[in-house]
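Visitor: I'm new to this one. Could you show me how to read it, feature by feature?

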Amino acid sequence: MAGRIPQSFIDELLARVDVIDVVDSRVKLKKTGKNYSACCPFHNENTPSFTVSPDKQFYYCFGCGASGTALRFVMEFDGLSFPDAVEKLADQMNMAVPREAASQREVQQEQEHQSLFKRMEAASQFFERQLREHDKRDRAVQYLKGRGLSGKAAKFFGIGYAPPGWDNLQETLGTDKTAIRELITSGMLIEKEDGRTYDRFRDRIMFPIRDARGRFIAFGGRVLGDEKPKYLNSPETPIFQKNRELYGLYEARKIRQKLTRFVIVEGYMDVVALAEFGIHYAVATLGTATSEHHLRRLFKIVPEVIFCFDGDDAGRTAAARAMETALPVLSDGVQARFLFLPDGEDPDTLVRQEGRDGFEKRLNESLHLPEFLFEQLKQQVDFDTLDGKARLDKMAAPLIGKLPKGTLRSLMEKRLEDMIGTRSAAMAAVNETAPEPEPEIDDGVSMPDIITEPVPPSHAPDIEDPLAPMVHRAISSLVRFPALAQELSIPDTEAETEYERLLFEILKRLHQSPQQESIGLLIQWIGSPYEPELKALADHPEGDKIRPVAAEVRVVLERMMARKDDRALEELEAKFHRGEKLTPEERSQLHELKKQRKQRNHKRTGIYHRH
């Protein structure tokens with residue numbers, strides 16, 4: 001059993017490698033100002049939104065949010081585990097990777113569990129074989145086909161069939177007393193008081209559950225009819241703890257694509273159905289509520305988790321519990337959202353009706369946790385009265401107090417005070433009595449993504465670019481008044497600088513999820529390299545005291561659109577001044593381009609010199 005890689009070595013490795021060299025060897029980069037850009041390798045796009053900073057040694061995609069250091073890029077692009085990515089980069093730098101010695105207890109435990117993992121793998125192979133060969137398999141096959149499941153999906157998820165009967169698995173795998181004992185320990189056989197044993201799973205569709213390393217650790221079985229219980233899960237065993245595992249997590253990571261979020265659903269078939277439609281980032285809990293451990297595991301992989309619930313009262317109550325569970329793990333850089341489904345629908349049925357685009361549209365429009373928290377509490381008080389606002393303060397403060405200290409907590413405290421119209425006395429009391437946070441316990445099941453967070457880049461506008469001050473002003477206007485975005489369209493032109501891409505992405509996100517106040521926009525950017533400056537713009541409005549209007553931002557966008565025409569005009573004017581003869585077509589084009597430039601300048605002057 002290999003030991004852990006020391007953090008000190010990770011730090012030294014990252015200090016030696018150059019993120020530009022690492023990325024450029026895999027994706028051809030183009031220099032744009034101080035930084036480099038390319039089309040993002042982690043999602044499909046036609047215009048570059050992927051930026052790499054040599055000064056800060058990090059990459060960031062405005063489109064999908066992918067970001068990190070050279071080490072994370074190798075992990076994501078090459079599809080390598082953390083240790084393998086470290087080995088690969090270290091080899092390129094001629095560095096030997098040290099390992100901390102594993103404890104004797106860890107080595108012994110690993111050896112004891114190996115036989116159980118082998119029994120579970122054999123059980124999975126048995127169930128898969130029964131789905132193909134058993135003389136009563138037709139009922140199971142027809143059930144799966146009726147649910148719209150393809151053979152390809154069944155194979156990918158390892159779905160099988162436990163045939164009717166009390167001892168099918170036992171007769172096949174229980175070859176001796178040791179095997180019987182290990183099958184009991186792993187939860188596959190049940191032992192009666194008189195010592196006799198029988199199969200736990202009978203006449204059920206079988207869904208194997210795998211750990212982060214792909215080892216079979218448990219099963220979930222679904223009945224083919226209306227019998228109870230509908231779902232039966234393996235009991236807890238030395239290799240399986242329900243509140244620590246998620247169905248579909250291994251399969252989601254197995255897909256060669258950039259994971260940017262997970263959606264937590266209720267059932268195995270929801271996970272499989274969503275994957276059938278190309279949504280490979282769904283996971284399901286195993287008969288338990290989502291735990292802090294679940295969320296910490298997911299947030300080590302992605303920055304966003306979306307809870308999926310029924311839209312009825314029971315679903316809202318479950319969502320409220322999930323919200324309270326999520327609050328302590330929402331450190332800056334990660335976010336939770338809530339999707340409520342129409343009555344009578346679940347992800348399985350809904351994705352078959354609406355397709356991938358329709359379901360992902362619902363995900364994109366799902367409620368951010370702060371929105372859900374305040375909406376949930378406002379429904380419980382008479383918010384139009386002073387005592388109702390006081391009660392809201394009392395109810396919200398303990399919840400906000402569960403958040404780790406950081407940007408999100410500060411923003412929510414500010415939102416609470418904006419809502420009640422005064423300083424929050426309850427929040428002040430919570431902050432005074434807040435205990436020091438307990439250190440997170442290393443559970444040994446970590447997804448090792450130990451990546452040093454990039455330092456935010458310097459955000460001074462490029463003085464060599466005449467459009468840069470206008471672009472910066474447009475960004476400031478949208479940060480202070482996000483509702484302006486609904487009056488604007490994203491121009492059909494390519495961004496040429498980092499700030500122009502930032503402006504486009506702000507507009508895009510505000511179109512997808514409209515916001516009325518700065519706090520909503522800032523939540524969308526928590527954890528990104530642009531969070532500090534955007535927050536500074538929101539906290540310190542420009543000093544001219546003139547409320548910006550959409551027309552100001554529109555002029556900037558139009559100037560960006562007209563840039564191609566401006567360059568064509570410059571070339572024609574230069575040719576004319578050099579004394580070169582213009583063709584009739586060029587003279588006509590020169591006249592038209594001058595006319596358009598005059599109209600643009602007049603429009604801009606009218607806006608910026610209004611009283």
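Guide: Happy to. A good place to begin is the inside: in soluble globular proteins, nonpolar side chains tend to be buried together. In this predicted model, the largest nonpolar core has 145 residues, and those with the most contacts inside it are Tyr-247, Phe-262, Phe-338 and Ile-475.

Visitor: Which residues does Phe-338 touch, leaving out those up to four places away in sequence?

Guide: Among them are Phe-307, Phe-309, Ala-319, Met-323, Leu-367 and Phe-372. There is also a second, separate core of 32 residues, including Ile-5, Phe-50, Val-52 and Ala-70.

Visitor: How many aromatic pairs does the structure hold?

Guide: The structure holds 24. Take Phe-42 and Tyr-59: their rings are 6.3 Å centre to centre with 40 degrees between the planes, a tilted pair. Phe-42 sits in the loop between β2 (35-38) and β3 (50-53), while Tyr-59 belongs to strand β4 (residues 58-61), so the pair links parts of the chain 17 residues apart.

Visitor: Are those two buried or exposed?

Guide: The cut-off for buried is under 20% relative accessible area. Phe-42 counts as buried because its relative accessibility is 11%, and Tyr-59 does too because its value is 0%. Tyr-60 and Phe-62 make an edge-to-face pair, 5.3 Å centre to centre and 80 degrees between the planes. Rings can also join up in a cluster, as ring pairs do for Phe-156, Phe-157, Phe-207, Tyr-231, Tyr-247 and Tyr-268.

Visitor: What sits over the ring of Phe-383?

Guide: The charged end of Lys-378 does, 4.5 Å from the ring's centre. Lys-389 lies over the face of Phe-383 as well, at 5.3 Å from the ring centre.

Visitor: And helices? How far apart are the end C-alpha atoms of α17?

Guide: They are 20 Å apart, which agrees with the 20 Å expected for the 14 residues of α17 (residues 407-420) at 1.5 Å a residue. For the sides of a helix, remember that an α-helix has 3.6 residues a turn, so residues three or four places apart point the same way. The buried residues of α17 include Leu-408, Leu-411, Met-412, Leu-416 and Met-419. Their cover includes α15 (369-378), α16 (386-400) and α18 (425-433). After the helix comes Gly-421, with a positive phi near 80 degrees.

Visitor: Where does pLDDT stay under 50?

Guide: Over residues 438-463 and over residues 604-611. For the protein, the mean pLDDT is 84, and 88% of its residues reach 70 or more.

Key:
Residues are numbered from 1 along each chain as its sequence is written. Side-chain values use heavy atoms; hydrogens and water are left out. Helices (H or I, at least four residues) and strands (E, at least two) are DSSP runs, numbered from the N terminus. The expected span of a helix is 1.5 Å times one less than its number of residues. Buried means under 20% relative accessible area, exposed over 50%, partly exposed in between (1.4 Å probe, protein chains only). Contact means heavy atoms within 4.5 Å. pLDDT is the predictor's confidence in each residue, from 0 to 100. A nonpolar core is a set of buried Ala, Val, Leu, Ile, Met, Phe, Trp, Tyr and Cys residues joined through side-chain atoms within 4.5 Å. Rings of Phe, Tyr and Trp (its six-membered ring) pair if their centres lie within 6.5 Å; planes under 30 degrees apart count as stacked, over 60 as edge-to-face and the rest as tilted. A charge sits over a ring if NZ of Lys or CZ of Arg is within 6 Å of the ring centre and within 35 degrees of the ring normal.
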